[in-house]
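Hi everyone, and thanks for coming along. I'd like to walk you through one structure today, so please have a look at it with me.

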Amino acid sequence: MKSAIIVRPAVPADVDAIFELLELYTASGVVLKRSKDDIAFYLKNFIVAEENGIVCGCCAARDFGHDLFEVRSLVVVPACQGKGIGKLLVNFIIDRMDKERKSWRLFTLTLQVKFFQSLGFSVVEKEIFPEKIWSDCSRCSKYHCCDETALLLEKK
């Protein structure tokens with residue numbers, strides 16, 4: 001019997017699970033390191049995926065203002081990869097934005113270009129997101145040798 005995967009907004013009880021998920025990928029540079037306090041402070045940005053009541057994936061949508069959002073902290077437990085959880089998480093964000101806003105721009109900086117292209121994102125230049133560069137990129141160890149690609153999905 002196949003178990004159902006539930007995607008929902010994160011709640012305070014999810015902070016530890018989100019932290020542990022992100023820690024799986026920070027050493028390799030897939031996501032930026034986040035403290036539990038930072039996750040708790042920005043909890044409203046996070047959504048989680050659960051399988052059998054256990055958090056198996058997470059994602060956040062950061063609001064930069066002016067209808068510009070970033071998909072960030074998208075991770076799935078290695079044992080659960082290949083089940084479409086990442087797609088469910090990103091589509092949850094897209095659906096929520098469609099319901100809440102007339103227009104929006106959603107971007108990501110990622111190594112998973114084909115994944116985001118399969119969801120309708122298009123490759124763009126990083127420089128069109130100075131807000132991201134000022135706030136996060138300047139603190140990243142890969143700032144001068146970034147290997148990530150910027151992608152954008154828009155609803156006008």
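I'll go from the overall layout to one helix, then a strand residue, a pocket and two loop residues.

Before we start, please keep in mind that this is a predicted model.

Let's begin with the whole chain. Its secondary structure comes to 5 helices and 7 strands. If you read from the N terminus on, the elements go β-α-α-β-β-β-α-β-α-β-α-β. The chain has 156 residues, and buried residues make up 43% of them. Now take the contacts with a separation of 6 or more: 67% of these are made by residues 24 or more positions apart.

Next, let's look at helix α1, which covers residues 15-26. How far apart are its end C-alpha atoms? They are 16 Å apart, and that agrees with the 16 Å we should get for 12 residues at 1.5 Å a residue. If you try this yourself, the expected span uses one less than the number of residues.

Which residues of α1 are buried? They are Val 15, Ile 18, Phe 19, Leu 21, Leu 22, Tyr 25 and Thr 26. Looking down the axis of α1, you find these buried residues within an arc of 165°, so they line one face of the helix. And what do they pack against? Their partners are α2 (36-41), β2 (46-51), β3 and β4 (68-76).

We can see part of that packing from the other side by going to Val 75, which sits in strand β4. Is Val 75 buried or exposed? Its relative accessible area is 3%, so Val 75 is buried; the cut-off for buried is under 20%. Setting aside neighbours within four places in sequence, Val 75 touches several residues, including Leu 21, Leu 22 and Tyr 25, and those three are among the buried residues of α1. Other contacts of Val 75 include Val 31, Cys 56, Gly 57, Cys 58 and Leu 89. Ile 18 is also worth a look: its C-alpha atom is 9.2 Å from that of Val 75, though 57 residues separate the two along the chain.

Now for the second largest pocket, with a volume of about 150 Å³. Its lining is made by Lys 44, Asn 45, Ala 61, Asp 63, Phe 69, Ile 93, Arg 96, Met 97, Glu 100 and Arg 101. By type, that is 4 nonpolar, 1 polar and 5 charged residues. Which element gives the most to this lining? The answer is α3, with 4 residues. Both β3 (54-65) and α3 (85-100) supply at least two residues each.

One of the lining residues is Lys 44, found in the loop between α2 and β2. Its relative accessible area is 68%, so Lys 44 is exposed. Lys 44 and Ala 10 are 34 residues apart in sequence, while their C-alpha atoms are 6.9 Å apart.

Let me finish with two backbone angles. Most residues other than glycine have a negative phi. Which way does Asn 52 go, positive or negative? Its phi is positive, near 55°. Asn 52 belongs to the loop between β2 and β3 and counts as exposed, at 61% relative accessibility. His 66 also has a positive phi, near 55°. You'll find His 66 in the loop between β3 and β4, and at 76% relative accessibility His 66 counts as exposed.

Thanks for listening!

Terms used: Residues are numbered from 1 along each chain as its sequence is written. This is a predicted model: local features need pLDDT of at least 70, side-chain atom pairs count only at pLDDT 80 or more; totals for chains, interfaces and linings use all residues. Side-chain values use heavy atoms; hydrogens and water are left out. On a 1 Å grid over the protein atoms alone, a cavity is a set of points where a 1.4 Å probe fits but cannot get out, and a pocket is an open set with protein on both sides within 12 Å along at least five of seven lines; lining residues have an atom within 4 Å of a point. Grid points are joined across faces, edges and corners, and a volume is the space filled by probe spheres set on the points. Ala, Val, Leu, Ile, Met, Phe, Trp, Tyr, Cys and Pro count as nonpolar, Asp, Glu, Lys and Arg as charged, and the others, Gly among them, as polar. Buried means under 20% relative accessible area, exposed over 50%, partly exposed in between (1.4 Å probe, protein chains only). The arc is that of the directions from the helix axis to the C-beta atoms. Contact means heavy atoms within 4.5 Å.
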